[in-house]
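User: I would like to learn how to read a protein model, one feature at a time. Could you walk me through it?

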Amino acid sequence: MDTATASLQKDFIEALCRLIPAFEANDQKLGLAVSGGPDSLALLLLAFEAYPDRIAAATVDHGLRPAARAEAEFVASICNQRAIPHAILRPVVPIRGSIQSAARRARYGLLHDWMKDNHIDWLATAHHADDQLETMIMRILRGSGIDGMSGIREKRNHIVRPLLHFQKSALISYITSQGIDAVEDPSNTDQGYDRVRVRNALKNLEGFDTGLASQSASALGSAREAIEWHVDQLAAEHVESADGGCVLSRTGFPHEIERRLLLKCLHICDPALSPRGNQIDQTIRALQRGETVTLGDILCRGGEKWTFGTAPQRRNSQIP
C-alpha cells in the first residue's frame with residue numbers, strides 16, 4: 001500500500017468516527033450510496049477496507065438514461081467481487097417535472113426504504129470538498145443567507161458525508177490506483193445545469209485547496225447552530241400559545257433573530273407554510289409598523305406584541 005492510499009484510508013476512518021463517534025464500538029451497519037462514479041467508488045472501497053463486514057451498498061437507477069442499468073450492474077459486479085451486499089433500486093413511478101429535484105427526492109426515498117428493510121443504521125454519500133465549493137458558489141449567486149451558505153451538511157439525521165473534506169482529485173487518484181475505470185454520468189457535462197457551469201468556471205482556479213471550502217461551510221454551520229440555539233431560548237421565553245395561534249411577546253431583536261422567531265410563530269400556526277425570503281422581510285417591516293397583514297392563511301398583527309392566528313375569510317392586506 002502506498003503512502004497516499006494509507007493516508008486516505010486513515011483520514012476516512014477518522015472522518016467517519018468523528019461523524020458517528022460510537023461506530024467503532026458497536027455493531028451498527030453502514031449503507032453506501034454508490035452510483036459508479038469515481039467519488040462513490042472511492043467511498044465504497046474506503047469503507048470496505050475499513051469495515052468489510054459492516055457495510056452494504058445500493059445503486060439507484062432512476063430510469064432516466066439507457067446506460068444507467070449497465071452502470072448499476074457495473075457497481076453490482078464490483079460489490080460481488082468483494083462479497084459486499086448490493087441492491088439496485090428503481091422508482092416505481094417515472095420521474096417527471098424538475099428532473100434534478102425529483103430525482104433527488106426519489107433517490108433518498110428509495111434509499112430510506114432500503115435502509116429500513118435491511119436494518120441499516122447509517123447512510124454515507126460521496127459528497128466531497130469540490131461539491132461543497134460548487135454548492136457554496138451556487139448559493140452565493142442565488143442570494144442565500146447563513147443557512148444556505150452553510151453548504152452541504154456533514155451529518156443530517158442518519159445521513160453522513162465522510163468525504164466532505166476530501167478533494168476530488170485525491171479520490172480519482174485512489175480509484176485509478178485500484179485499477180478501476182469509473183463511469184461518468186453525461187449530465188456532469190451538461191451546460192444546462194447550474195452546477196456544471198460553476199464547475200467549469202472553477203477549472204481555471206488551479207492551486208487552491210478546495211477542502212478549505214468545507215472549513216468555511218463548517219464555520220457557518222456552527223454559527224447557524226449558535227443562532228438557532230439562541231432563538232430557541234428566546235422562543236421558550238417569549239412565544240406563547242393563544243387561541244389556536246401564538247403571540248410573540250417581545251420584539252425589537254436584530255433582524256436575523258426576528259426573522260427566525262417569525263418563522264417559528266408561523267410554523268406553530270401552519271407547519272407546512274414556507275414563505276419566500278422577500279415575503280418574510282415585508283412581513284417583518286409591516287409588523288414593526290404595527291400593521292396587520294396576511295401570510296398564507298395566517299393573520300399577523302403587529303405592534304408591541306406580534307399575534308398570529310388563522311385568518312378570517314376577509315383579509316386586511318396580503319403579502320404578495
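Analyst: We will go from the whole chain to helix packing, and then to single residues. One thing to keep in mind is that this is a predicted model.

User: Let's start with the whole chain. How many helices and strands are there in the chain?

Analyst: The chain has 11 helices and 11 strands. Its C-alpha atoms fill a box of roughly 70 × 45 × 40 Å along the principal axes.

User: What percentage of the residues count as buried, and what supplies the area that the chain exposes?

Analyst: Of the 320 residues, 43% count as buried. The chain exposes about 17100 Å², and carbon and sulfur atoms supply 50% of that area. Sequence separation is also worth a look: among contacts with a separation of 6 or more, 67% are accounted for by residues 24 or more positions apart.

User: Now to helix packing. How are two packed helices described?

Analyst: Two packed helices are described by the angle between their axes and the distance between those axes. Take helix 5 (residues 129-141) and helix 9 (residues 211-238): their axes come within 7 Å and cross at roughly 60°. The two helices are therefore oblique to each other, and helix 5 passes helix 9 in a left-handed crossing.

User: Which residues make that contact?

Analyst: From helix 5, the contact is made by Ala-129, Gln-132, Leu-133 and Met-136, and from helix 9 by Gly-211, Ala-213, Ser-214, Ser-216, Ala-217 and Leu-220. By class, the residues of this contact of helix 5 with helix 9 divide into six nonpolar, four polar and no charged.

User: I'd like a second pair to practise on. At what angle do helix 1 and helix 7 pack?

Analyst: Helix 1 (residues 3-19) and helix 7 (residues 168-177) pack at an angle of about 120°, with their axes 11 Å apart. Helix 1 and helix 7 are therefore oblique to each other. Helix 1 passes helix 7 in a left-handed crossing. On the helix 1 side, Thr-5, Leu-8 and Gln-9 meet Ala-170, Tyr-174 and Ser-177 of helix 7. The residues of this contact of helix 1 with helix 7 divide into three nonpolar, three polar and no charged.

User: And how far apart are the axes of helix 10 and helix 11?

Analyst: The axes of helix 10 (residues 255-269) and helix 11 (residues 277-288) are 10 Å apart, and the helices pack at an angle of about 100°. That makes helix 10 roughly perpendicular to helix 11, since angles of 65 to 115 degrees count as roughly perpendicular.

User: Which residues meet there, and how do they divide by class?

Analyst: His-255, Glu-258, Arg-259, Leu-262 and Leu-263 of helix 10 meet Ile-280, Asp-281, Thr-283, Ile-284, Leu-287 and Gln-288 of helix 11. By class, the contact of helix 10 with helix 11 has five nonpolar, three polar and three charged residues.

User: Let's turn to single residues. Is Trp-306 buried or exposed?

Analyst: Trp-306 is placed in strand 11 (residues 306-310). Because its relative accessibility is 1%, Trp-306 counts as buried; the cut-off for buried is under 20%. Leaving aside neighbours within four places in sequence, Trp-306 is in contact with Cys-246, Val-247, Leu-248, Thr-251, Glu-258, Ile-284, Leu-287, Gln-288 and Arg-301. Another useful pairing is Trp-306 with Gly-290: 16 residues apart in sequence, they are 8.6 Å apart in space, C-alpha to C-alpha.

User: Where is Gln-100 found?

Analyst: Gln-100 is found in helix 4 (residues 99-117). With a relative accessible area of 48%, Gln-100 is partly exposed. The C-alpha atoms of Gln-100 and Tyr-193 are separated by 9.1 Å, although these residues are 93 residues apart along the chain.

User: My last topic is backbone angles. What sign of phi do most residues other than glycine have?

Analyst: Most residues other than glycine have a negative phi. Ala-83 has a positive value, with phi near 60°. Its place is in the loop between helix 3 (68-81) and strand 3 (86-89), and at 65% relative accessibility Ala-83 counts as exposed. Asn-157 also has a positive phi, of about 55°, although it is not a glycine. Asn-157 is found in the loop between strand 5 (155-156) and strand 6 (159-160). With a relative accessible area of 67%, Asn-157 is exposed.

Terms used
Residues numbered from 1 in each chain as written. Predicted model: local features only at pLDDT ≥ 70, side-chain atom pairs only at ≥ 80, totals over all residues. Heavy atoms only, no water. Axes fitted to C-alpha atoms, helices over the stretch in contact; angles between N-to-C directions. Helix = DSSP H or I, 4+ residues; strand = E, 2+ residues; numbered from the N terminus. Parallel < 35°, antiparallel > 145°, perpendicular 65-115°, else oblique. Left-handed = near helix turned anticlockwise from the far one by under 90°. Contact = heavy atoms within 4.5 Å. Nonpolar A, V, L, I, M, F, W, Y, C, P; charged D, E, K, R; others polar. Buried < 20%, exposed > 50% of the residue type's maximum accessible area, 1.4 Å probe, protein only. Areas by Shrake-Rupley, 256 points an atom, 1.4 Å probe, with all protein chains shown as cover.
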